[in-house]
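Good morning, and thank you for coming. I should like to take you through one structure, beginning with the overall fold and ending with individual residues.

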Amino acid sequence: MTPPYRVGDELPPLEIPVTQTLIVAGAIASRDYQDVHHDAASAREKGSPDIFMNILTTNGLVGRYITDHFGPTAVLRKVAIRLGAPNYPGDVLRLTGRITELRTADTSSADTSSADASSDEVVDAVDAVEAIEAVVQVTGGNGIGRHVTGTVTVTLPEPSVGRAGA
C-alpha cells in the first residue's frame, strides 16, 4: 500500500479574508488588548495605516490550515512561525504548505493502577503506538508581501483515515 503522504507533497492553498472582525476577535480571544489590534486611530498614531493582526491569530490560522488538510485526528506538535508584512483589514491571507519531512514517531502512555488491597503489587500497562509525523513548511502572503513563514510538526492520522483535504 502506498503511504497517503510523501515528502514534497503540496497542500492546497487556503485563502482567508482579513476583516476587522477577524483581527479584533483574534486579539480578544488571545487576550491581546494592545490598541493597535482594535483601535484604528491609535494604530495610525503609532505609524500603522490601520489595525493589524496579532501573531497569536496568525498562529491559530496556521494551525487551522494544517488540521483542515490532515483532518480532525491530526495533532499539532510544534508550530514555529515568524511574521513579516502585517495583515490589514481588506486583504486576503493566502496560506500554502509543503511536506518537507516524514518520520516515525513512537508515542507511549503508561497507565499505573494498583492491584486489589490485599496485594502490594502494582500493574504497569504501557501502550506503544507507532505514528507518523510530518514536518510542513508553511508560508502565507497578502497584498503587501510575505506575512508568515514557519514550520509545523504534526502527527498524522492513520493511513486508513485518508486525506481530509483531498
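I shall begin with the fold, then turn to the core, the salt bridges and a few local features.

Please keep in mind throughout that this is a predicted model. The protein contains 3 helices and 5 strands, and along the sequence these follow the pattern β-α-α-α-β-β-β-β. Of its 166 residues, 35% are buried. About 9600 Å² of the protein is exposed, and carbon and sulfur atoms account for 51% of that area. As to contacts between residues at least 6 apart in sequence, 73% join residues at least 24 apart.

Let us move to the interior. Which residues touch the most other members of the largest nonpolar core? That core has 25 residues, and the ones in question are Ile66, Phe70, Leu95, Val136 and Val138. At least two residues of this core come from each of strand S1 (10–17), H3, strand S3 (92–114), strand S4 (122–141) and strand S5 (146–155). H3 is the element that gives the most, with 5 residues.

Val138 shows the surroundings of one such member. Setting aside neighbours within four places in sequence, its contacts include Val62, Tyr65, Ile66, Leu95, Gly97, Val148 and Val152.

Leu14, in strand S1, counts as buried because its relative accessibility is 17%, under the 20% limit. Beyond residues up to four places away in sequence, Leu14 touches Arg64, Tyr65, Asp68, Leu93, Arg94 and Leu95. The C-alpha atoms of Leu14 and Gly97 are separated by 9.5 Å, although these residues lie 83 apart along the chain.

I turn now to charged pairs. How many salt bridges does a search of the whole structure find? It finds 5, and I shall describe three pairs.

The side chains of Arg64 and Asp68 meet in a salt bridge at 3.1 Å, N to O. Because these two residues are 4 apart in helix H3, about one helical turn separates them. Both are partly exposed, Arg64 at 38% relative accessible area and Asp68 at 41%.

Arg103 forms a salt bridge with Glu133, with the closest N and O atoms 3.1 Å apart. This pair links distant parts of the chain, since Arg103 is in strand S3 and Glu133 is in strand S4, 30 residues away. Arg103 is partly exposed at 31%, whereas Glu133 is buried at 14%. Salt bridges with shared partners join Glu101, Arg103 and Glu133 into one network.

The third pair is Lys46 and Asp35, whose side chains meet at 2.7 Å, N to O. Lys46 belongs to the loop between H2 and H3, and Asp35 to the loop between H1 and H2, 11 residues apart. Lys46 is exposed at 55%, while Asp35 is partly exposed at 24%.

Some local features remain. Is Ser48, in the loop between helix H2 (40–45) and helix H3 (55–70), buried or exposed? With 10% relative accessibility, Ser48 counts as buried. Its side chain reaches the backbone oxygen of Asp50 at 2.7 Å, and outside its neighbours within four places in sequence, Ser48 is in contact with Ala43 and Tyr88.

Arg31 lies in the loop between helix H1 (20–29) and H2. Its phi is near 60°, a positive value in a residue other than glycine, and Arg31 is exposed at 68%.

Finally, on the surface, Ile55, Leu56 and Leu83 form a nonpolar patch with about 250 Å² of accessible area together. Ile55 belongs to helix H3 and is partly exposed at 41%.

Methods
Residues numbered from 1 in each chain as written. Predicted model: local features only at pLDDT ≥ 70, side-chain atom pairs only at ≥ 80, totals over all residues. Heavy atoms only, no water. Buried < 20%, exposed > 50% of the residue type's maximum accessible area, 1.4 Å probe, protein only. Polar contact = N/O pair within 3.5 Å; in protein donor to acceptor, adjacent residues only side chain to side chain. Contact = heavy atoms within 4.5 Å. Patch = residues over 30% accessible without salt bridge, like charges linked within 9 Å, V, L, I, M, F, W, Y side chains within 5 Å. Areas by Shrake-Rupley, 256 points an atom, 1.4 Å probe, with all protein chains shown as cover. Salt bridge = Lys/Arg side-chain N within 4 Å of Asp/Glu carboxyl O. Core = buried A, V, L, I, M, F, W, Y, C linked by side-chain atoms within 4.5 Å.
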